[in-house]
Amino acid sequence: MNNLAFDTMVRVDEIVTDVLAMDLLHSSPDFFKKVLEVAKEPITMSLVGIRRSVADTSLGETDIELVADGPDGRCAILIENKVRAPLMDRQFARYRMRGHAGIEAGQWTRFRVILMSPRSYYETLDVEHSQHIDANLSYEDVVTFLGSSPEFSFKRHIFQSAITDYRKGYVKSADTAMMNFYQNYWAVASMEFPQLRMAKPEIVGKDGSWIYFPPLYAGNGVRLIHKFKGIGCELAVATRNGEKLAEELIPFLETDMTARSTKSMAFVTVKTPAIDHIRDFLDLRTDVVLSLQVLDRLRSFALDEQVRSRITALL
């Protein structure tokens, strides 16, 4: 039977590309070097170990944990593999938490977070996710690498089929309770806070607990987010120096605002009541209006001339 007769209409599950990638890392020194290059690590490092579906802590699961050793110490390359599945809340933030936990435990001296996926999957990620990713090991690059070796023809076929699978599109399943909440939330926002320009909701799944508002300025780099499950309302800014921007914004903060940062993001946060979207919306309306008022304040804060000048200077 010809293995290349694999049906391209069959869904390619992530476990399949997980296993194929691990096999390549074990069997192909050149592929191991390629992954090191993507991670911006020296290609002279040696392979210490590879594990799949690692969940040693309460900080979530790593699809592929690759540990390499070299003169500058051990590096963990933590790989999240995606074909088409949606991201979980703070999925890549938890990868970084696991990386830091490994440093504290003495397992490695540094780490890299890599997304292995079709290139378009990575390119369309919101900055809330992409800020935690060090590099994309794209399926397209894997296919190109495998194309030079006839013995890898079946593996190449599978990765190419996964790209085709992604291009067909992941159809998110609408969650009835979340959709109802979004529709009611949008009705209030559009009628009472039109300046926030909330888009009419389309399909919303169970993971839709962050409501994104249209960018305020600077492309997609400055926007409002309502993280209604507990974090509150935030002004999020994609920046080349999150720590510096957060510090520069502190003198302009109102009493209930706090500034925080990551390497490539700065946030101004106002804590608002957590909202349980399953409850009757009439019981939630007061908290929704309060949150929209806070979002409008954050909008005005971002549009303040002095604040805006500091933000745009560090974009």
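In helix α8 of this predicted model, the buried residues are M178, M179, F181, Y182, Y185, V188 and A189. The helix covers residues 176-192, which makes 17 residues, and the distance from its first C-alpha to its last is 24 Å, close to the 24 Å expected at 1.5 Å a residue. As you look at the spacing of those buried positions, it helps to recall that an α-helix has 3.6 residues a turn, so residues three or four places apart point the same way. What do the buried residues of α8 pack against? Their partners are β6 (210-212), β7 (222-227) and α10 (281-303).

One of the buried residues of α8, Y185, leads us straight into strand β7, where H226 lies. The side chains of H226 and Y185 make a polar contact at 2.8 Å. H226 has a relative accessible area of 0%, and therefore counts as buried. Beyond its neighbours within four places in sequence, H226 is in contact with Y185, S209, W210, I211, F213, G232, C233, T272, I275, S291 and L295. In that list you can pick out W210 and I211, which fall within the range of β6 (210-212), as well as S291 and L295, which fall within that of α10 (281-303).

Staying with α8 a moment longer, follow the chain into the loop between α8 and β6, where R197 is found. What is the sign of phi at R197? Phi is positive there, at about 55 degrees, although R197 is not a glycine. For context, most residues other than glycine have a negative phi. R197 is partly exposed, with a relative accessible area of 44%. A second residue of this kind is S53 in strand β1, whose phi is near 55 degrees, again a positive value in a residue other than glycine. S53 has a relative accessibility of 31% and so counts as partly exposed.

Strand β1 is also a good place to start on the charged pairs. Side chains of opposite charge can pair when their charged atoms come close, and the count for this model comes to 14 salt bridges. One of them joins R52 and D18, at 3.2 Å from N to O. R52 lies in strand β1 (residues 46-54) and D18 in helix α1, so the pair ties together parts that are 34 residues apart in sequence. How accessible are the two ends? R52 is partly exposed at 33%, whereas D18 is buried at 3%.

The residue just before R52 has a salt bridge as well: R51 pairs with E65, the closest N and O atoms being 3.1 Å apart. This pair links strand β1, which holds R51, to strand β2 (residues 62-70), which holds E65, across 14 residues of sequence. R51 counts as partly exposed at 33% relative accessibility, while E65 is buried at 8%.

Helix α1 takes part in another salt bridge, this time between D23 and K155, with N and O 3.0 Å apart. K155 is in helix α7 (residues 153-168) and D23 in helix α1, so distant parts of the chain, 132 residues apart, are linked. In this pair the lysine is the buried partner, since K155 has a relative accessibility of 17%; D23 is partly exposed at 35%.

Helix α1 (residues 14-27) has a nonpolar side to show too. I15, V16 and V19 form a nonpolar patch on the surface, with about 230 Å² of accessible area together. V19, which is found in α1, is partly exposed, with a relative accessible area of 46%.

Our last stop is R110, in strand β4 (residues 110-117). Is this arginine buried or exposed? R110 is buried, with a relative accessible area of 17%. Its side chain makes a polar contact of 2.7 Å with the side chain of E41. Setting aside neighbours within four places in sequence, the contacts of R110 are E41, M45, D72, G73, R74, C75, A76 and I103. E41 and R110 also belong to a network with R112, joined by salt bridges that share partners.

Terms used: Residues are numbered from 1 along each chain as its sequence is written. This is a predicted model: local features need pLDDT of at least 70, side-chain atom pairs count only at pLDDT 80 or more; totals for chains, interfaces and linings use all residues. Side-chain values use heavy atoms; hydrogens and water are left out. Patches are made of residues with over 30% relative accessible area and no salt bridge: like charges are joined within 9 Å, nonpolar side chains (Val, Leu, Ile, Met, Phe, Trp, Tyr) within 5 Å. Accessible areas come from the Shrake-Rupley method with a 1.4 Å probe; for residues, only the protein chains shown count as cover. A salt bridge is a side-chain nitrogen of Lys or Arg within 4 Å of a carboxyl oxygen of Asp or Glu. Helices (H or I, at least four residues) and strands (E, at least two) are DSSP runs, numbered from the N terminus. Buried means under 20% relative accessible area, exposed over 50%, partly exposed in between (1.4 Å probe, protein chains only). The expected span of a helix is 1.5 Å times one less than its number of residues. Contact means heavy atoms within 4.5 Å. A polar contact is a pair of N or O atoms within 3.5 Å; within protein, one must be able to donate a hydrogen and the other to accept it, and residues adjacent in sequence count only if both atoms are side-chain atoms.
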